[in-house]
Amino acid sequence: MPRRKPTGPRDRRGAPRAGQAAREPSAQQTAAYLARQKVVCERKDRYASEAEARAFALMHQPGPGSRADVYRCEVCDGWHHTRGR
């Protein structure tokens with residue numbers, strides 16, 4: 001399951017404000033978050049292995065000086081690649 005940052009009041013550095021505990025998301029918020037993540041994941045190309053994803057990313061790099069990377073998806077347990085910059 002993807003990690004989520006707790007919501008609640010935070011200071012400029014992103015730390016919970018003094019005297020206030022961070023709120024945990026409700027079950028409904030968590031379900032909605034996971035549903036959105038699944039929709040996003042379904043639009044992406046999925047690869048069975050890291051080697052397969054890395055090979056595709058290397059063959060389809062946008063141009064010189066750019067770098068594509070791969071990562072393991074916590075939603076589908078497959079592999080996706082990022083666009084290099």
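How many disulfides does the structure hold? The structure, a predicted model, holds zero disulfides. The legends below begin with an overview and then turn to individual regions.

**Figure 1. Overview of the secondary structure of the protein, which comes to two helices and two strands.** Read from the N terminus, the elements follow the order α-α-β-β. The protein has 85 residues, and 19% of them count as buried. Among contacts in the protein with a separation of 6 or more, 42% are between residues 24 or more positions apart.

**Figure 2. Close-up of the cysteines C41, C73 and C76, in a structure with zero disulfides.** A disulfide requires two cysteine sulfur atoms within 2.5 Å. For C73, the closest cysteine sulfur belongs to C41 and lies 3.7 Å away, which is too far for a bond. For C76, the closest cysteine sulfur is also in C41, at 3.5 Å, and this is again too far for a bond. C73 counts as buried, with a relative accessibility of 9%. C76 is partly exposed, and its relative accessible area is 24%.

**Figure 3. Close-up of helix α1, which comprises residues 27-43.** The helix has 17 residues and reaches 25 Å from its first C-alpha to its last. This span is close to the 24 Å expected at 1.5 Å a residue. Three residues of α1, namely T30, Y33 and C41, are buried. They lie on the same side of α1, because they cover an arc of only 75° around the axis. The face turned away from this buried side carries the exposed residues Q28, E42 and R43. Strand β2, residues 79-81, is included in what covers the buried residues of α1.

**Figure 4. Close-up of H80, a residue of strand β2.** H80 counts as buried, at 1% relative accessibility. A polar atom of the H80 side chain lies 2.7 Å from the backbone oxygen of D45. Not counting residues up to four places away in sequence, H80 touches C41, K44, D45, R46, D69, V70, Y71 and C73. One of these residues, C41, is also one of the buried residues of α1. Another, C73, is buried as well.

**Figure 5. Close-up of Y47, located in the loop between α1 and α2.** Helix α2 covers residues 50-59. Y47 counts as buried, with a relative accessibility of 8%. With residues up to four places away in sequence left out, Y47 touches E52, A53, F56, G78, W79 and H81. How far apart in space are Y47 and G78, C-alpha to C-alpha? The two are 5.8 Å apart in space, although 31 residues apart in sequence.

**Figure 6. Close-up of the largest nonpolar core, which has six residues in all.** Its members are Y47, A53, A57, A68, V70 and W79. Y47 touches two other members of this core, A53 and W79, among the contacts shown in Figure 5. A57 touches A68 and V70, and also H81, when residues up to four places away in sequence are not counted. H81 is a contact of Y47 too. V70, a member of the core, is one of the residues that H80 touches.

Note on methods: Residues numbered from 1 in each chain as written. Predicted model: local features only at pLDDT ≥ 70, side-chain atom pairs only at ≥ 80, totals over all residues. Heavy atoms only, no water. Core = buried A, V, L, I, M, F, W, Y, C linked by side-chain atoms within 4.5 Å. Buried < 20%, exposed > 50% of the residue type's maximum accessible area, 1.4 Å probe, protein only. Contact = heavy atoms within 4.5 Å. Helix = DSSP H or I, 4+ residues; strand = E, 2+ residues; numbered from the N terminus. Expected span 1.5 Å × (residues − 1). Arc of directions from axis to C-beta. Polar contact = N/O pair within 3.5 Å; in protein donor to acceptor, adjacent residues only side chain to side chain.
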